[in-house]
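Here is my note on the model you sent over. I have set it out as numbered points so that you can follow along in the viewer.

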Amino acid sequence: ARRAEAAWIADWISTHCGPGLPYKDTALLLRKTSSLEIYLQALKERGIPYAVEADKYFYGAQEVLDFTNLLRALDDPGDRAAVAGLMRSPLLGLSDQEIYDLARAKGLSLDSAPPVAAGLSRRSLAVLSDFSRMTDRLRSFAGREPLDEFVSRVLGETFLLELCAAAYHHEQTAANLGKYRRLARSANESRGATLKEFIASVVRSMDEDSLKEGESPLADEQFDAVRILSIHKAKGLEYGTVFLADMGGR
């Protein structure tokens, strides 16, 4: 029922919002955020921009996971879990079978050439070889420049932002990675964090169920996006169109 309702709401917004009815004049109100992902997915599938007032979905966004895996692999090329996740990302695009074959051949690492026994395609071998050279070069900057500058360098030279934005949810994905960069700047300015310390803090945040971290900080008045918030947070606010979602949920 929730998915059907989410699809109907998203279809209505997609049909009616635009130049005559800005997205930001529409609000989606929820009694609680446990069903939020269902409604977000419906909006994402239709390319509808949105801004969530408060949720814990930033650290669960796929582009954030991909970038964290990239930083972890740069810090430790032998981090098998991070390398496996990175290989499935838009940066490398290996198939699950190829990753499985690499794991069996003990080739889940960026600091050595893929073993011949893995039987990878020519395309995958070339991609891994090029990527390994790139990460070797990037690794030489780690610790030699401020954390936020290093994070910006990684984003720029790997084209992760552009690749993930095309593969996932466009402006929302780009905004989330922009927020990631700002988190690195904050960590550098407040405590002079190293790459390893910053990664550890991000991983801790991913594991903390109580953390409240919004997706992208795009909910300013100028950003034309559907506002998604709890009924409690909507007190005193006004919108031209309001959807009260999941009212029958428990």
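1. Let's start with Leu-138, which sits in helix α6. Please keep in mind throughout that this is a predicted model. Leu-138 has a relative accessibility of 0%, so it counts as buried, the cut-off being under 20%. Setting aside residues within four places in sequence, Leu-138 is in contact with Leu-74, Phe-150, Arg-153, Val-154, Glu-157 and Thr-158. For a sense of distance, pick Arg-31: Leu-138 and Arg-31 are 107 residues apart in sequence, and their C-alpha atoms are 46 Å apart in space.

2. One of those partners, Thr-158, deserves a click of its own. Thr-158 belongs to helix α7, which covers residues 147-158. Is this threonine buried or exposed? Thr-158 is buried, because its relative accessibility is 4%. Its side chain reaches the backbone oxygen of Val-154 at 2.6 Å. Not counting residues up to four places away in sequence, Thr-158 touches Leu-70, Leu-91, Met-134, Leu-138 and Leu-163.

3. Helix α4 (residues 80-88) is a good next stop. Which of its residues are buried? They are Ala-82, Val-83, Ala-84, Leu-86 and Met-87. The cover over these buried residues includes α3 (62-75), α5 (96-104) and α6 (122-139). Helix α6 is also where Leu-138 from point 1 lies.

4. Now turn to strand β1 (residues 26-30), where you will find Leu-30. With 3% relative accessibility, Leu-30 counts as buried. Leu-30 and Ala-245 are 215 residues apart in sequence, yet their C-alpha atoms are 5.5 Å apart in space. Ala-245 is also among the contacts of Leu-30. Leaving aside neighbours within four places in sequence, the other residues in contact with Leu-30 are Ser-35, Leu-36, Tyr-39, Ile-228, Leu-229, Ser-230 and Ile-231.

5. Glu-5 brings in some of these residues again. Glu-5 is part of helix α1 (residues 2-16) and is partly exposed, with a relative accessible area of 28%. What does Glu-5 contact, leaving aside its neighbours within four places in sequence? The contacts are Tyr-39, Leu-244, Ala-245 and Asp-246. The C-alpha atoms of Glu-5 and Tyr-39 are 8.5 Å apart, with their positions 34 residues apart in sequence. Tyr-39 and Ala-245 are both among the contacts of Leu-30 as well.

6. Two residues have a backbone angle you may want to look at. Phi of Asp-246 is near 55 degrees, a positive value in a residue other than glycine. Phi of Lys-106 is likewise near 55 degrees and positive, again in a residue other than glycine. Their surroundings can be set side by side. Asp-246 is in the segment after β4 (241-245) and is buried, with a relative accessible area of 7%. Lys-106 lies in the loop between α5 and α6 and counts as exposed, at 72% relative accessibility.

7. A word on cysteines. How many disulfides does the model have? The count is 0. Cys-17 is buried, at 10% relative accessibility. Cys-164 is buried too, with a relative accessibility of 0%.

8. Stepping back to the whole chain, the protein has 10 helices and 4 strands. From the N terminus, the elements run α-β-α-β-α-α-α-α-α-α-α-α-β-β. Among contacts between residues at least 6 apart in sequence, 71% join residues at least 24 apart. The pairing of Leu-30 with Ala-245, 215 residues apart in sequence, gives you a concrete pair to look at here.

9. Finally, some overall figures for your notes. Along the principal axes, the C-alpha atoms fill a box of roughly 60 × 40 × 35 Å. Of the 250 residues, 44% are buried. The protein exposes about 12,900 Å², and carbon and sulfur atoms supply 51% of that area. There are 32 positive and 36 negative charges, and their mean positions are 3 Å apart.

Definitions and conventions:
Residues numbered from 1 in each chain as written. Predicted model: local features only at pLDDT ≥ 70, side-chain atom pairs only at ≥ 80, totals over all residues. Heavy atoms only, no water. Disulfide = S-S within 2.5 Å. Buried < 20%, exposed > 50% of the residue type's maximum accessible area, 1.4 Å probe, protein only. Helix = DSSP H or I, 4+ residues; strand = E, 2+ residues; numbered from the N terminus. Contact = heavy atoms within 4.5 Å. Areas by Shrake-Rupley, 256 points an atom, 1.4 Å probe, with all protein chains shown as cover. Lys, Arg positive; Asp, Glu negative; His and termini not counted. Charge placed at Lys NZ, Arg CZ, Asp CG, Glu CD. Polar contact = N/O pair within 3.5 Å; in protein donor to acceptor, adjacent residues only side chain to side chain.
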